[in-house]
Protein chains: 2
Amino acid sequence: MNDVAGRRARGGGGSARRAERSAVSFETARYISRNIPNFEILNEEALQIIEWNADTILEEIGVNFVENPAALDLWRAAGADVKGERVHIPRGLARKLCATAPSQFTQYARNPARNVNVGGRDLVLAPVYGPPFVRDRAGGRRYATIADFQNFVKLGYMSKWLHHSGGTVCEPTDVPVNKRHLDMLHAHMVLSDKPYMGSVTEPSRAQDSVDMSKLLFGADFVDQNTVMTSLININSPMTFDGIMMGAMEVYARNNQATIISPFIVGGAMAPVTVAGTLTQVLAEVLAGVAYSQLVRPGAPVIAGAFVTSIDMNSGAPTFGTPEAAHITYGAGQLVRRLNLPYRSGGSFCGSKLPDAQAAYETANSLNMALLAGVNFMLHACGWLEGGLVSSYEKFVMDADQLGTLHHLAQGISMDDNGQALDAIREVGPGGHYLGCQHTQANFKSAFWRSDLLDYKPFETWDEEGARDTETLAAERVHKMLGDYQAPALDEGIAESLTDFVARKKASVPDAFI
Amino acid sequence: MNDVAGRRARGGGGSARRAERSAVSFETARYISRNIPNFEILNEEALQIIEWNADTILEEIGVNFVENPAALDLWRAAGADVKGERVHIPRGLARKLCATAPSQFTQYARNPARNVNVGGRDLVLAPVYGPPFVRDRAGGRRYATIADFQNFVKLGYMSKWLHHSGGTVCEPTDVPVNKRHLDMLHAHMVLSDKPYMGSVTEPSRAQDSVDMSKLLFGADFVDQNTVMTSLININSPMTFDGIMMGAMEVYARNNQATIISPFIVGGAMAPVTVAGTLTQVLAEVLAGVAYSQLVRPGAPVIAGAFVTSIDMNSGAPTFGTPEAAHITYGAGQLVRRLNLPYRSGGSFCGSKLPDAQAAYETANSLNMALLAGVNFMLHACGWLEGGLVSSYEKFVMDADQLGTLHHLAQGISMDDNGQALDAIREVGPGGHYLGCQHTQANFKSAFWRSDLLDYKPFETWDEEGARDTETLAAERVHKMLGDYQAPALDEGIAESLTDFVARKKASVPDAFI
């Protein structure tokens, strides 16, 4: 087994070469490297207050590690005061333990051109994660299937501004609960060559994810490099359950990355105020990341913050709100002071349709995430209805908007060409720039251009059917899925993955809960 | 004539009291005072380069003051080198002349509770300006009429997050060109009590605006206070036409405010690069504001920047783009270094419908304007189809979203209640915050809540007709216009305004071009 399968598929044996010749190439933008500042909403005094209070929570109130005696042992050995399942962490200890986590790391893809850097000034974009339903214009809202899952992986593979294939792009509810992780991983590995996430629903499924990755990349390569970034949610407030932590332990021991992230609906799982929520988020992240480092010092982690507000009338989570923006900005500052990669943001919305509400809320969320310094953005496209639905149309609509983040992040070029003084001299008062030399030399790259939205004159647009954005997106989905071709993959590797899935599926009976 | 008509209408004679008793009260939020930092995209070196280059433009290339010999005389007397209509302004002179303009000013409304501060850390929101068409769900796209105009003034009056009644909320194309300013001003003065804008399409119409304002506020009050903020566009590149400048001169001489603003489609009226556009914008603003101060030192002005990018495929202006964001952020920094109020931003979009495209582009624009430090945002709601259309539905959709800017700008409260440490202690690991005392004490004001968007569970939403945002907005428009009641106005003043309009209309024949 070669140690970089992606490379072998490109340059390897006859079957790989045949596969490569028949495959079309789909452009993917490099992950974003920011050339603009972060937006820093909290001043030094506020940051210190929150940090002090977070340590107060850890020391005085403590956090629960549930059904996980080994974790309690590790905490005890590290100097925490453990009473039952409650872990009281002395002021400063958690932050000290976090220091062994890398400030940034590479997640490898089977196609090395798709490797991503997670951390620093960079931003990696990954699609929606977790919805049990899908929606498209033709079929409406329905339970997601493995066929939907494969479609979303294909769309992600073909989306220029998406750097990462993600994880549970929807829940394939037609596959048994205890086996669907195998089909999901298989789809990411075979239908895309972008980096992907592993399963977290059971420690054994995390181990399956590692084992399948070893088939794809080679065992030695996986031992020495990070090829998965998986999502470990904290049960807020301040509870770390045994199953999630068990999955995290598998990944950490195998040097694979995890996103350690509170999942908070403000007012329900955290205080109703922003500063209070930030304090709890920081305490939870400190405890979770510190624990990962107890499992394996140096294990790559991303400090996450998934926070929404709540509509106190209906109890529904709300998205794209100013309070969510406050928290995303503030948490970014707190995480940077921990010198860790930061996960937050996404194409969040509460709307049932990919309509104006969906777009307002999503644009609010995407813009704040860029300026908040997010390093890893899960849910960057396709999220609908508070995360209950993966939307085909919204997936491509959002994926198109992600182009704006790439261009925004480039900042303003101040070289002579950017200053354009000669162009201003050439054109002069009352002239126009459309034909001037500077415009001709720059127009192709000067302005971001949507591949989806309508820029036509009214009359043309009207004659062509007066299509709204959802209609344009539905057509684009249809075209993309029609044009899709799988990236080349060594046949031996493909067979070994198929065998692994078949063998694992045969080894246990189906379970649907 | 009383000097504050708005006050007299509240506390004055019997007719005013009767009018007041029958009027309903509509809540309007105070203008935004930011408690968050600005986003500063340019560093000191970049700012200095742009400032140096702008002065190079003014000195070496110069600007044209067209068909305006009096302006040329003023420039000559101020030390500029005037050749024909070209004014070469020595390095540093324009900036020096700008120094007499106030850094902020109050624009008075006839209802003193609606007065706004323009400048400093504040943000005033005004509706869409200029479209010849309107669109609503029931009637589609059509030429705007004075009835539409009146409807938009009513919606603006009733919109909680809108501080300003604006100006040409749509072009009433059924009224002669040379008379429509009278009907427009009359509508703002009578149907709303928020501050408004005057006419700029002819110097004589600017004078009519001043004269009507004197009837509304009293002549002495208008002599001593600013009651209008009117939009003076520069013909980029670097051309100041006699009619626009003539209108500006009328306002400046009467101590009324103007927005002096390039109107730029990048790549056509300015270089295709961001730094080049910023340089030209700064040069134009410097020349325009300096000229206003030559007309009357101390006249209140707002330095504007209306800049879009262009789709080089179709030639159409594009909105909500990263390049527009770069320019809006950068221009804010440059204007702040001039110590002037800053106008930019708006509910910009190119979409033909109030759909997802419209909302993405608008949200991108609104968010950047808040963070860019904009002080006066024209077009804050209702803009559709590149400014060709005032949309009824988008007006109320955008107006609702403006609430997010108010809450974002509040920043993060760091007092004990905000820190919420007692709530975190009370709830503890594994609990929930829904019933806790801190949540009960804060939930009403903790989270911004839309008055329009859908927060219902899927099933309820589906049973109620599965309405999209445009449908919800159409229903809201209908309800608002049905609920509308005019604010109280002294009958004598109302009659004098009606008489003025009738007399002026009778004094000249209709003109339709």
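**Close-up views of a predicted model**

**View 1. Lys214(B) is partly exposed, with a relative accessible area of 22%.** The structure shown here and in the other views is a predicted model. Lys214(B) forms a salt bridge with Asp223(B), and the closest N and O atoms of the pair are 3.6 Å apart. Asp223(B) is partly exposed as well, at a relative accessible area of 40%. Elsewhere, salt bridges with shared partners link Glu44(A), Glu51(A), Arg95(A) and Arg337(A) into one network. Over all chains, the count of salt bridges comes to 54.

**View 2. A salt bridge joins Lys352(A) to Asp454(B).** The closest N and O atoms of these two residues are 2.4 Å apart. This pair crosses between chains: Lys352(A) belongs to the loop between β16 (342-343) and α13 (356-371) of chain A, and Asp454(B) to the loop between α17 (437-446) and α18 (458-463) of chain B. Both Lys352(A) and Asp454(B) are buried.

**View 3. Within chain B, Lys160(B) forms a salt bridge with Glu27(B).** Here the closest N and O atoms are 4.0 Å apart. Lys160(B) sits in the loop between α6 (146-158) and α7 (180-191) of chain B, and Glu27(B) in the loop between α2 (14-22) and β1 (32-33) of chain B, so the salt bridge ties together parts that are 133 residues apart in sequence. Lys160(B) is partly exposed, with a relative accessible area of 27%. Glu27(B) is exposed, with a relative accessible area of 54%, which is over the 50% cut-off for that term.

**View 4. Helix α20 of chain A covers residues 491-507.** At 1.5 Å a residue, the 17 residues of α20(A) should span 24 Å, and this agrees with the 24 Å between the end C-alpha atoms. Ile493(A), Ser496(A), Leu497(A), Phe500(A) and Val501(A) are buried in α20(A). They lie on the same side of α20(A), because the arc they cover around the axis is only 135°. Arg503(A) and Ala506(A) are exposed, on the face of α20(A) turned away from its buried side. At the start of α20(A), a side-chain oxygen of Asp490(A) comes to within 2.8 Å of the backbone nitrogen of Gly492(A).

**View 5. Side chains alternate along strand β5 (residues 104-107) of chain B.** Phe105(B) and Gln107(B) point to one face and are buried. Gln104(B) and Thr106(B) point to the other face and are not buried. In a regular strand, side chains alternate in this way between the two faces of the sheet. Strands β5(B) and β6(B) (residues 116-119) run antiparallel and are joined by four bridges. Opposite Gln107(B) in β6(B) stands Val116(B).

**View 6. A cis peptide bond joins Ser236(A) and Pro237(A), and another joins Ser236(B) and Pro237(B).** Omega is about 0° in chain A and about 0° in chain B. Pro237(A) is in the loop between β10 (229-234) and β11 (239-240) of chain A. Pro237(B) is in the loop between β10 (229-234) and β11 (239-240) of chain B. Most peptide bonds are trans, and most residues other than glycine have a negative phi.

**View 7. Ala420(A) has a positive phi of about 60°, and Glu67(B) a positive phi near 50°.** Neither Ala420(A) nor Glu67(B) is a glycine. Ala420(A) is found in the loop between α15 (416-419) and α16 (421-427) of chain A, and is buried at a relative accessible area of 2%. Glu67(B) lies in the loop between β2 (63-65) and α4 (69-78) of chain B, and is exposed at a relative accessible area of 67%.

Note on methods
Residues numbered from 1 in each chain as written. Chains lettered and ligands numbered in written order. Predicted model: local features only at pLDDT ≥ 70, side-chain atom pairs only at ≥ 80, totals over all residues. Heavy atoms only, no water. Buried < 20%, exposed > 50% of the residue type's maximum accessible area, 1.4 Å probe, protein only. Helix = DSSP H or I, 4+ residues; strand = E, 2+ residues; numbered from the N terminus. Pairing = 2+ DSSP bridges. Expected span 1.5 Å × (residues − 1). Arc of directions from axis to C-beta. Polar contact = N/O pair within 3.5 Å; in protein donor to acceptor, adjacent residues only side chain to side chain. Salt bridge = Lys/Arg side-chain N within 4 Å of Asp/Glu carboxyl O.
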